[in-house]
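Q: I would like to learn how to read a multi-chain model, one feature at a time. Could you walk me through it?

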Amino acid sequence: MSKQDSPLALFWREFAESRIAVVALGVVAIIIILALAAPLIAPQDPYDLANLSLSDARRPPGYVGSNGYVHWLGTDANGRDLLSAILYGLRISLQMGLVAGAISLCLGATLGIAAAYLGGRLEALAMRIVDLQLSFPAILLALVLVAVLGQGKTQLIIALIASQYAYFARTAHGAASAERSKDYVEAALATPLPGWRIVFKHLLPNVMPPLIVVATVQVANSIALEATLSFLGLGLPVTEPSLGMLISNGFQYMMSGRTWISVYPGIALIVLIVAINLVGDQIRDQFNPRLKR
Amino acid sequence: MLAFLVQRLLQAMAVMIAMSLLVFVGVHFIGNPIDVLIAPDVPQNIRLETIALYGLDRPLWEQYAAFVGRLLRGDFGRSFVFNVPVLDLIMGRLPATLELVLIATLGATLVGVPLGIYAGYKPDSVVAKSIMALSILGFSVPTFWIGIILILTFAVNLEWLPAGNRGETVDIFGVGWSFLTLDGLKHMALPALNLSFFKLAMMIRLARAGTREVMLTDTVKFARAAGLTEGTILRRHVLKLIAIPIVTVFGLELGSTLAFAVVTETIFSWPGVGRLIIESITVLDRPVMVAYLVLVALLFILINLTVDVVYALIDPRLRQAPAR
Amino acid sequence: MSGPVLVVDGLATHFFTKAGVVRAVNDVSFSLAAGEVLGIVGESGSGKSVTGFSVLGLVDPPGRIVAGSIRLEGQELVGQPQETLRTLRGRRMSMIFQDPLMTLNPVVSIGDQIVMAIEAHEKVSRAAARDRAARALTRVGIANAAQRLDSFPHQFSGGMRQRVAIAVALLHRPAVVIADEPTTALDVSIQAQILAEMRALVAESGTALVWISHDLAVVSALADRIAVMYAGRIVETGATSDIILNARHHYTRGLLGSLPSQGVPGADLVQIPGAPPSLGQSSVGCAFAPRCRFVDEACEVMPDLVGDGRQTRCHHPVEAGARP
């Protein structure tokens, strides 16, 4: 064996062996940068209604608009520059995905680890509920919550969190339980060390890897779910057009050949989701002990 | 086994009750449904009449009790919008959704599992890698987008298949099923394909992962040492061993597929239950929403129960108390 | 039948992993006559199991046989296509593995698994196959064989499961059976039973047996000849009594000396200092040199296996009759 590499360095080395994963990671990074910089680089602010003029509506890519610049990807039904709309849409999608993912992670992981640590009937009850929720498809749950809570950014995030936290809870619980029954934890529990210290120092580091895998997949899922909800008209409000809504708006023009209104936002969405999934796949394969030859 | 079943049934009933309560309470907080039915400038007496007619003025618990009573009688009230009994409304639309979901699910499994087994058996072959690439797409790309692409390719550009609505139906037991007519099949092709993609991808990945793991076990080594052909090993050892996780996921995903039917039905204008729920959420048609959610919960519990039973059938270790 | 049933000559099996080449087996040669029992003894990592797999052609990629020849009943095995090897596996040569819980498929009945092994090589009716399966089970000492055909592995004890594995291995009366640590996973009392079973079966059918183990004591009770492996090479071979009483290689002497039965009551257990080389390391000189008390400059060159019938791979073997 070579000199001692830190686990992180080893991880990166193995990760880098898959060219697809590296490319995917690169794509995700680019999209993140684009999304962050959207207000700076987008040629037109898609939210500024004053800027829009209907004479620009539904124009094909390359059209020179009434304000003088080229609409590289065409315009949508309201005369919005599609390129700008897509950039902002990516921004929103990422926002929703990451925020919902992060909160779900914290919530779910806390629940799962706490349940594993406390044990007994509390654990059984908590996991029963989580199990039940896991067998309920996320989209239905999200539909119901959106129906009940109404539409809006916060409501949507709540719906996303509610449908995702269970995955984190189950994974965290599984990993924490496995660790908890190991001898060294029993030994640590016998010392006067406070419980939460044990959780942090011992349980958490071992629970992190599977959680990271779940997190990447769930971020992609959140983005897809939000897009689906927006497509159905139940997601973000019209004032903040997400990619799903753009696609939905353009759907009615598909048959008449003005496909770009739906297709371009769609491609942007797909690229983002697939890239995240590819990265997540690679991470998952690396953490799976049963595939080591 | 009997004790197992009874326990599951009791659990199922508890969940049903909880669901009905949740659904009822939840739905009652969506805005004020009165405003959907009557314009704000309608005279007060008509307003009161409507409230009384639809029972919206009774205390919540009374409404719930009445609700449960009606549930047990199969009476879900009348749709606010269509003014027909909700049960009839749903039952009328159910066959369309059912046939779509069943064909999509079966197709996905019957095609996906063999593909996945192949991909797991020869993981480094070109075919396997392409299958996996395809599965990533089916898995991560949202269903609505696949639907759009399908419409774009097959309906708009190639004009091979229709892009919406259900085809002709043939009546069996008084219910119309469209998969028995050629026209019906043509109309079902795209939506079923759309709906099946996600499940297909899941099945491929599951079968592949399972196969890869099993091929490395001693069981396969021992079978090879006994001189069994690779074909026999795949059919009688690997298939049986990966059946367990596949059946579990099949059951779980059946529910998920039912849920995604919502999206597919919307895109393809398929007159099923899924489209109904979207419409009723948008217009706050309370009885329909409640009925749909309760029925879906019921379906779920049934599916879970069936999966548990099938599980016990496949894995003999679960059938009885452990030996000695 | 004249001549040895199995001749292995200069066998080398290497694994080409991402981390480098692992030379698991190097320059291994031995021969086996009909009815003879050969014990291959070594620690984990010595290459003894890989030797067994190599003979059966069951080395999984990234490993493969890189040199040497294996002749089974005069037929060369190295370089043969898998289909040829398959017809020989289970019929002319078979293998028994360490943990029958892992080697028997938990979701397939015992009877089915035996029948599959029968049908792999012969066309028989199902009834005839089941009959043979029942008889095979009876032969290995399982009572009520006919009824037990429909049981599942988890309904048997560990010892009985291993008997089933032995039954499968002996089904077609092979010329050679390779047993890879067959009793390691069993209780000590069951171990003795299985050992006795094997001895009787082998004597009765004239099958040659290769018994691979890390336990010198177990092997010495059964084997006619012993080959000791270390770091992928055979370091000493000879008749069992000869090895046990007059071991000449220092590793073998170390193994014998460290047997608890050899120690003085109350004194510390004797151990060989140091640890065996890990699988990947290959050494230029004698692999045992770092742990040997008699090492000198000569040992920087890999010693050859010297002798005829009674062989030793050492520059300074212990002289016959000497004691340390």
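A: Gladly! Let us begin with contacts inside one chain. Among contacts in chain A between residues at least 6 apart in sequence, 69% join residues at least 24 apart. Please keep in mind that this is a predicted model.

Q: What pattern of helices and strands does chain A follow along the sequence?
A: Reading from the start, the order is α-α-β-β-α-α-α-α-α-α-α-α. That gives chain A 10 helices and two strands.

Q: How much of chain A is buried, and how much area does chain A expose?
A: Burial is judged by relative accessible area, with under 20% as the cut-off. In chain A, 48% of the 293 residues are buried. The chain exposes about 13,700 Å², and 67% of that comes from carbon and sulfur atoms.

Q: Let us turn to the interface. How much area do chain B and chain A bury between them?
A: The idea is to add up the accessible area that both parts lose on being put together. Here the total is about 3,400 Å², with 80% of it on carbon and sulfur atoms. In chain B, the residues that lose the most area to chain A are F144(B), W145(B) and E213(B), which together account for 17% of what that side buries. As for the residues taking part, chain B contributes 40 and chain A contributes 37.

Q: How many salt bridges are counted between chain B and chain A?
A: The count is one. R205(B) forms a salt bridge with D281(A), and their closest N and O atoms are 2.7 Å apart.

Q: Which residues touch the most other members in the largest nonpolar core?
A: A nonpolar core is built by joining buried nonpolar residues through their side-chain atoms. The largest one has 119 residues, and L6(C), I114(C), V176(C), L209(C) and W211(C) touch the most other members. Helix α7 of chain C, residues 158-170, supplies the largest share of this core, eight residues. A second, separate core has 102 residues, including A268(A), I283(A), V101(B) and A155(B).

Q: Which residues is I114(C) in contact with, leaving aside its neighbours within four places in sequence?
A: On that basis, I114(C) is in contact with A133(C), L137(C), V164(C), V168(C) and L171(C).

Q: What about R163(C): is R163(C) buried or exposed?
A: R163(C) counts as buried because its relative accessibility is 10%, and the cut-off for buried is under 20%. This arginine lies in helix α7 of chain C. Not counting residues up to four places away in sequence, R163(C) touches V140(C), G141(C), I142(C), Q193(C), I194(C) and E197(C). A C-alpha distance is also worth a look: R163(C) and I96(C) are 67 residues apart along the chain, yet their C-alpha atoms are separated by 9.8 Å.

Q: Where is S151(C) found?
A: S151(C) sits in the loop between α6 (145-148) and α7 of chain C. With a relative accessible area of 10%, S151(C) is buried. Apart from neighbours within four places in sequence, its contacts are S109(C), I110(C) and F156(C).

Q: Which residues form a nonpolar patch on the surface?
A: L2(B), L5(B), V6(B), L10(B) and M13(B) do, and together they have about 490 Å² of accessible area. M13(B) belongs to helix α1 of chain B, residues 2-27. M13(B) is classed as exposed because its relative accessible area is 52%, and exposed means over 50%.

Key: Residues are numbered from 1 along each chain as its sequence is written. Chains are lettered from A and ligands numbered from 1 in the order in which they are written. This is a predicted model: local features need pLDDT of at least 70, side-chain atom pairs count only at pLDDT 80 or more; totals for chains, interfaces and linings use all residues. Side-chain values use heavy atoms; hydrogens and water are left out. Patches are made of residues with over 30% relative accessible area and no salt bridge: like charges are joined within 9 Å, nonpolar side chains (Val, Leu, Ile, Met, Phe, Trp, Tyr) within 5 Å. Accessible areas come from the Shrake-Rupley method with a 1.4 Å probe; for residues, only the protein chains shown count as cover. A salt bridge is a side-chain nitrogen of Lys or Arg within 4 Å of a carboxyl oxygen of Asp or Glu. Helices (H or I, at least four residues) and strands (E, at least two) are DSSP runs, numbered from the N terminus. Buried means under 20% relative accessible area, exposed over 50%, partly exposed in between (1.4 Å probe, protein chains only). A nonpolar core is a set of buried Ala, Val, Leu, Ile, Met, Phe, Trp, Tyr and Cys residues joined through side-chain atoms within 4.5 Å. Contact means heavy atoms within 4.5 Å. Buried area is the accessible area (1.4 Å probe) that two parts lose on being put together, summed over both.
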